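Hello,

Here is the structure I said I would pass on. Please open it first, then read the notes below with the model in view.

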Amino acid sequence: MSNHTRRQLRTATVALSVLAAVAACGRGGDNASSGSGGSKGVRIAIVTRDFTNPYWAALRDGALAEGKKQGVTVEVQAGQSETDSTGENAKLSTLAGQNYDCFGVVPVNATNVITPLVPVAQKKIPILNLDTQIDPDASKQAGVSYASFIGSDNLSAGEQAGQALLKRMGGKGDVAILQGIAGEQNGINRQKGFSETVAGKLNIVATQPADYDQAKAQTVTEAILKAHPKITGIFAANDSMGLGAAQAVKNAGLTGKVSIISVDGITAALEAVKAGTLSGTISQYPYAEGQMAVQACIDLVKKKTVPSRIVSPTALIDSSNVDKAISSFPQPVEPFTNPLTAAGK
């Protein structure tokens, strides 16, 4: 047999293997239960805040896509709004009474999900803390522990936003901060990273919450612009608020004169960066977080070791790379090392 013939046979064998794998993953629709490598029958429940925010919708979509790829059942539920801790807890309590092998949870605040997670912990079912830190001390007192935290480094995201605004504002000027939900750790970390980065350079003249809500952010920004007309920069702790701030700035005829940096990297924010109404966004990758949550759950059910903290990537998206970010969405604009799928794992 010639070398050319051998290569042809090897290529055909690989192709058939890939086709078989794809066919296996495709059986059973969105909640397929036919997996390989011991994942058959695995049931995963994920609960987040709400799906009106595109960020959480992207996390859901990533988890569902990975579940379909892996051939496992994935159920993703949420409350009705960013602050709907009661609704989120009700969904979590219902799922806790059902037959799931692993849970992933994004809390509204540092403590709201702990009580409904108690029966899950009592059954020794692995729990992933996703995206937003759950209070470790309060969890320990309740007997709840987490196999891993999967999320972005929000302190770093705030620092990146501070560096971006410093550059755009020439290292000086008045700036306002739009905060998220009171007591929510991601917003606290983003504000801390931002404030420490711009300390002694930019003058923070206003710091007000807008609950991660676009309409509220627009109203708050309108009031801030009237009270502090010399503002030339705004840091919004998420994109929804950044878009609201951008609308207020546009209505005031200040587009291009007030720089706005926000956090998340949702589609609408990327389009706003391309249009020039938003200066930049510190893009996080909730789709990847959803994928990694499912991958981690499968490993935990298989009794494999999962890192105690898995940091998903962040990147500044501005006019220089927004086209690339839009074309690669919802995947990260640059490759990153996923410890759950790293070679040799």
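Which residues in helix 4 are buried? Before the reply, one caution: this is a predicted model, and every value below was computed from it.

Helix 4

Helix 4 covers residues 114–122, and its buried residues are I114, P116, L117, V118, V120 and A121. These buried residues pack against two helices and two strands: helix 3 (85–96), helix 5 (136–142), strand 3 (102–105) and strand 4 (127–130). Just after helix 4 comes K124, where phi is positive, at about 65°.

Aromatic rings

How many aromatic pairs does a search of the whole structure find? The search gives three. One of them joins Y100 and F103 edge-to-face, with 6.1 Å from centre to centre and 70° between the planes. Both Y100 and F103 are buried.

Another pair is F194 with F235. Why is this pair stacked? The ring centres of F194 and F235 are 4.5 Å apart and the planes meet at 15°; planes under 30 degrees apart count as stacked, so this pair does. F194 belongs to helix 7 (residues 185–198) and F235 to strand 8 (residues 231–236), so the pair links distant parts of the chain, 41 residues apart. The relative accessible area of F194 is 0%, and buried means under 20%, so F194 is buried. F235 is also at 0%, so F235 is buried by that cut-off.

Charges over rings

Y100 appears again here: the charged end of R43 sits over the Y100 ring, 4.3 Å from the ring centre. Elsewhere, R60 lies over the face of F51, and the distance to the ring centre is 4.6 Å.

The largest pocket

How much space lies in the largest pocket? The figure is about 320 Å³. The pocket is lined by 21 residues, and the closest to its centre are A164, R168, I261, S279 and D318. By class, the lining has eight nonpolar, nine polar and four charged residues.

Which helix gives the most to this lining? Helix 6 does, with five residues. Helix 6 spans 154–168, and strand 9 spans 259–264; each of the two supplies at least two residues of the lining.

To follow this on screen, begin with helix 4 and its buried residues, go on to the stacked rings of F194 and F235, and finish at the largest pocket with its 21 lining residues.

Regards

Notes. Residues numbered from 1 in each chain as written. Predicted model: local features only at pLDDT ≥ 70, side-chain atom pairs only at ≥ 80, totals over all residues. Heavy atoms only, no water. 1 Å grid on protein atoms, 1.4 Å probe; cavity = no way out; pocket = protein on both sides within 12 Å on 5 of 7 lines; lining within 4 Å. Points joined across faces, edges and corners; volume = space filled by probe spheres on them. Helix = DSSP H or I, 4+ residues; strand = E, 2+ residues; numbered from the N terminus. Nonpolar A, V, L, I, M, F, W, Y, C, P; charged D, E, K, R; others polar. Buried < 20%, exposed > 50% of the residue type's maximum accessible area, 1.4 Å probe, protein only. Contact = heavy atoms within 4.5 Å. Phe/Tyr/Trp six-rings, centres within 6.5 Å; stacked < 30°, edge-to-face > 60°. Lys NZ or Arg CZ within 6 Å of the ring centre and 35° of its normal.
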